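Reader: I'm new to reading protein models. Could you walk me through pockets, cavities and packed helices?

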Amino acid sequence: MKANLTQVRAALDRPGPAIRFILLSGPDEAGAREHVDRLARAMGPDAERVELDGPTLRQDPGRLAAEAASLSLFGGARFILVGNVGDDAVAAFDALLQVPVAGNPVIAIGPGLKSTGKLMKLALASPAALSFICYVPSGAEAVQLATAIAASHGLRATAEAARRLVATTGADRALIAREVEKLALFLDAAPDRPALLDESALDALGADLNEGEIASAIDAALVGDRALLGAELVKLSAGGTSAIPVVRGLVRRLMLLAELRAQVDRGASIGEVVERSGVFFREKPVTTQALRHWSVARLVRAIDHLRRAERTAIAPLTAGEVHLTAAMIAVARGGDGATR
């Protein structure tokens with residue numbers, strides 16, 4: 001059945017036999033991984049974690065139900081994580097719902113799942129399953145996330161400091177957490193010895209969090225300013241900043257644009273859509289301009305192009321940064337390498 005955030009957190013904090021599996025879809029993979037960590041904490045530090053994936057279950061549909069019913073090797077708690085899951089594993093999850101007993105909780109992550117897909121429909125139709133879409137936070141929600149992550153490390157972040165963290169990380173939870181860890185170390189902060197996180201701390205730590213360079217590069221790609229994009233990427237590279245957070249931030253902005261463009265295609269005005277979107281004030285002009293020349297189809301192609309480039313870049317023995325730079329320039333040309 002379809003679940004909200006409160007229901008998902010409750011099921012993760014108190015796993016029980018009533019829910020056979022939790023299916024997490026949507027673009028925010030870092031958010032989905034946080035849910036997995038939440039389940040792991042609920043199961044206890046000694047819990048056995050069994051990891052499977054979609055291709056494995058496609059070849060052996062009965063394995064998921066068997067693992068869910070099996071006892072831990074040491075007799076303790078046990079849970080199953082299924083990553084990279086798609087509709088080709090639907091038979092395995094159907095079997096899990098049919099068995100009389102399945103005592104171990106199952107959590108599955110499928111970023112590419114569609115609402116019309118077989119696995120999603122199976123989860124939505126069953127009272128023994130929860131389906132939740134993980135969206136990348138934006139606007140005020142992203143600032144709240146950065147503030148909360150900072151607080152967990154003993155940092156009281158000012159509103160502007162939280163906004164700068166979001167802008168320079170593309171609202172990526174994992175990247176925000178990494179930067180906050182560095183800031184907490186720099187300020188000698190911890191939950192039992194809190195410290196103030198303001199703009200002066202960001203400035204003192206280094207140029208990678210200064211002036212929103214990542215956001216500038218993303219904006220340049222969205223509006224097709226290839227000269228500015230090239231200059232920003234050169235600047236980031238010279239400062240030791242990887243292109244990966246830029247690509248991930250660009251993908252998130254493109255996904256938001258796709259949602260907004262779909263609303264425009266249904267008859268809403270661009271101005272109305274932008275005003276109620278929750279994007280930062282600074283991002284509104286760029287978002288408005290981008291909505292005028294991007295179509296949903298081209299946005300989807302651009303997102304796919306960037307994701308394939310990132311997968312290529314992180315593979316061994318590849319010219320990673322070159323692949324990512326070329327992909328972003330292709331997006332600035334029109335979304336998938338085609339000219340405007």
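Reader: Okay, how much space lies in the second largest pocket?

Author: Before we start, keep in mind that this is a predicted model. The second largest pocket holds about 860 Å³ of space.

Reader: Which residues should I click on to find the centre of the second largest pocket?

Author: Try Asp28, Tyr135, Val136, Pro137 and Arg173, which lie nearest its centre out of 38 lining residues. Then look at which elements surround that spot. Among those that each supply at least two residues of the lining are helix 1 (5-13), strand 5 (129-133), helix 7 (139-152) and helix 11 (213-223). Helix 2 and helix 13 are on that list too. By class, the lining has 19 nonpolar, six polar and 13 charged residues.

Reader: And how much space lies in the largest pocket?

Author: About 1500 Å³. It has 42 lining residues, and Pro27, Pro111, Gly112, Met255 and Arg307 are the closest to its centre. Four elements give two or more residues to this lining: helix 2 (29-43), helix 3 (54-59), helix 13 and helix 16 (296-314).

Reader: Which helix gives the most to the lining of the largest pocket?

Author: That's helix 16, with eight residues. As for the kinds of residue around the largest pocket, you'll find 20 nonpolar, seven polar and 15 charged.

Reader: Now for cavities. How many cavities of 30 Å³ or more does the structure hold?

Author: A cavity is a space where a probe fits but cannot get out, whereas a pocket is open. Here there is one cavity of 30 Å³ or more, and the largest cavity contains about 30 Å³ of space.

Reader: Which residues line the largest cavity?

Author: Leu222, Arg253, Leu256, Leu257 and Thr287 do. Helix 13 (residues 244-265) contributes the most here, with three residues. Sorted by class, the lining comes out as three nonpolar, one polar and one charged.

Reader: Got it. Next, how are two packed helices described?

Author: You give the angle between their axes and the distance between the axes. Let's try that on helix 13 and helix 15 (residues 284-293): they pack at an angle of about 60°, with axes 10 Å apart. Helix 13 passes helix 15 in a right-handed crossing.

Reader: Which residues make the contact between helix 13 and helix 15?

Author: Helix 13 brings Arg253, Leu257, Leu260 and Arg261, while helix 15 brings Val286, Thr287, Ala290 and Leu291. That contact splits into five nonpolar, one polar and two charged residues. You've already met some of these names: Arg253, Leu257 and Thr287 are among the residues lining the largest cavity.

Reader: Can we do another pair? At what angle do the axes of helix 12 and helix 17 cross?

Author: Sure! Helix 12 (residues 226-238) and helix 17 (residues 320-333) cross at roughly 160°, and their axes come within 10 Å. Helix 12 is therefore roughly antiparallel to helix 17, as angles over 145 degrees count that way. This crossing is right-handed.

Reader: Which residues of helix 12 and helix 17 meet?

Author: On helix 12, look for Arg226, Leu229 and Leu233; on helix 17, their partners are Thr325, Met328, Ile329, Ala332 and Arg333. The contact of helix 12 with helix 17 divides into five nonpolar, one polar and two charged residues.

Conventions
Residues are numbered from 1 along each chain as its sequence is written. This is a predicted model: local features need pLDDT of at least 70, side-chain atom pairs count only at pLDDT 80 or more; totals for chains, interfaces and linings use all residues. Side-chain values use heavy atoms; hydrogens and water are left out. On a 1 Å grid over the protein atoms alone, a cavity is a set of points where a 1.4 Å probe fits but cannot get out, and a pocket is an open set with protein on both sides within 12 Å along at least five of seven lines; lining residues have an atom within 4 Å of a point. Grid points are joined across faces, edges and corners, and a volume is the space filled by probe spheres set on the points. Ala, Val, Leu, Ile, Met, Phe, Trp, Tyr, Cys and Pro count as nonpolar, Asp, Glu, Lys and Arg as charged, and the others, Gly among them, as polar. Axes are lines fitted to C-alpha atoms, for helices over the stretch in contact, and angles run from 0 to 180 degrees between N-to-C directions. Angles under 35 degrees count as roughly parallel, over 145 as roughly antiparallel, 65 to 115 as roughly perpendicular and the rest as oblique. A crossing is left-handed if the near helix is turned anticlockwise from the far one by less than a right angle, and right-handed if clockwise. Contact means heavy atoms within 4.5 Å.
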